[in-house]
Amino acid sequence: MNNIAYYKEEFDKLQLQESPLAAARQEAFKTFNLLGIPTAKHEEWKYTRIGSVLNKSFQLAGETSVTADDVQSVRLPGSETANELIFVNGIYSAELSTVRSKWLEVAGLEEAAKGEHKEIVATYFNHSRDYLKDGINALNTAFIQGGIFVQVAAKKVVEHPVYIYNITDARKDAVLSQPRSLIHVGRQAEVSIVETYITLGSSDSMTNQVMEIAVEEDANLAYYKIQNDAAQASQVSTTHIRQTGKSVVNTVTVSLNGGIVRNNLHAVMEAEHAEAHLWGLYFQHGQSHIDNHTIVDNAVPNCQSNELYKGILDGQSSGVFNGKIFVRKDAQKTNAFQSNKNVLLSDSAGINTKPQLEIFADDVKCSHGCTVGSLDDEALFYLQSRGIPHKPAMALLLQGFAVDILEKIKLAPIRSYVEEQISQRLAEEVL
């Protein structure tokens, strides 16, 4: 990595600041130095050349002049009634953020690590490193600053969804931003979270984000990730969810644009009768690259998970799907299902898909599978025989292909927004 000296200099500056996370940062930087940025020789990164991005000369938490007007220009539909948490170049901005729900507490991560929530932070912070044995995750931990801790009060329903904006200000410099958050969903609580990414300006940008979520007994979490950033904006986005009590988690990941995009999504089931649903849709074009790596880890008996990811790839775009289901030795009565389906719209587009099962128990019901192909010629012919021209018929089939993912988005303004973005893409590239 040709700018390691710069990172070492910036790390030393950061460590001069007193912090309850200083030891964790120090350990993480040692790991980063040891492992570095993964190459094609790293099995988990075989098809995603992230080194080509991170070897650029990025500024860490560079200067920014993001204003409320800038935020207004990129707000998602429904934001006027949402809790809005704003990161700018990886640093949480309380000034630009709005917390509307009284059952939602937002504090600095370092403040929480030494305050009344220090036991929760000590229990759940940095658990993702056990699943990500690479320098990317370590790099985020090494440079933690301006992170947040979010507490969802027990036995409460957060009536307003939580919108998290990761804004990168690349109007002056190429920027590497590294947002970090820890979210604790209390017993019998319910919350919906929407996360999105926006780059301002035309310089290159890289977002290396880590979000860790703990979900307690009888809680419900809906988590939506919307990725529709600029072509020069790349990202590694990690969402690590621990279900520490019987709970229900629903996640939907929608990836529509960006440079090189890698998503790490983990559902770690640590309590019996936990339930997780992982849905994903990616619609790539140009020379974009999407890599979805998912893990469902069944550590105890009687858990259930469903996973369905669908991809549409056009132009010279490329994709990766690597889904792993672990069923540990004592995790009897596990039900776990996984499927990945892909449609290639051009001869230059490609997908590498690898669904995996690692089962160490014998009384389970598990399955996985994948498909890669073009649009159904018979279905196209049928629509054309009913008077629908070729390109509109293609658009109808693609919308039908995506609909069972989109209907999993229960927040109506977000679902309408995603549907509109997909319709615009189809109008530009298919019609």
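## Helix α2

Let's start with helix α2, where helices are DSSP runs of H or I with at least four residues, numbered from the N terminus. Its 14 residues (22–35) should span 20 Å at 1.5 Å a residue, and the end C-alpha atoms are 20 Å apart, which agrees; the expected span is 1.5 Å times one less than the number of residues. This is a predicted model, where local features need pLDDT of at least 70 and side-chain atom pairs count only at pLDDT 80 or more, while totals for chains, interfaces and linings use all residues. Residues are numbered from 1 along each chain as its sequence is written, and side-chain values use heavy atoms, leaving out hydrogens and water.

## Two sides of the helix

Ala-22, Ala-24, Arg-25, Ala-28, Phe-29 and Phe-32 are the buried residues of α2 (buried is under 20% relative accessible area, exposed over 50%, partly exposed in between, with a 1.4 Å probe and protein chains only). Seen down the axis, they fall within an arc of 150°, so they line one face of the helix; the arc is that of the directions from the helix axis to the C-beta atoms.

On the other side, Ala-23, Lys-30 and Leu-34 are exposed. The buried residues pack against α1 (4–15), α5 (109–114) and α7 (135–142), with contact meaning heavy atoms within 4.5 Å.

## An aromatic cluster

Phe-29 and Phe-32 also appear in one aromatic cluster with Tyr-6, Tyr-7, Phe-11 and Phe-143. Rings of Phe, Tyr and Trp (its six-membered ring) pair if their centres lie within 6.5 Å; planes under 30 degrees apart count as stacked, over 60 as edge-to-face and the rest as tilted.

Definitions and conventions
Helix = DSSP H or I, 4+ residues; strand = E, 2+ residues; numbered from the N terminus.
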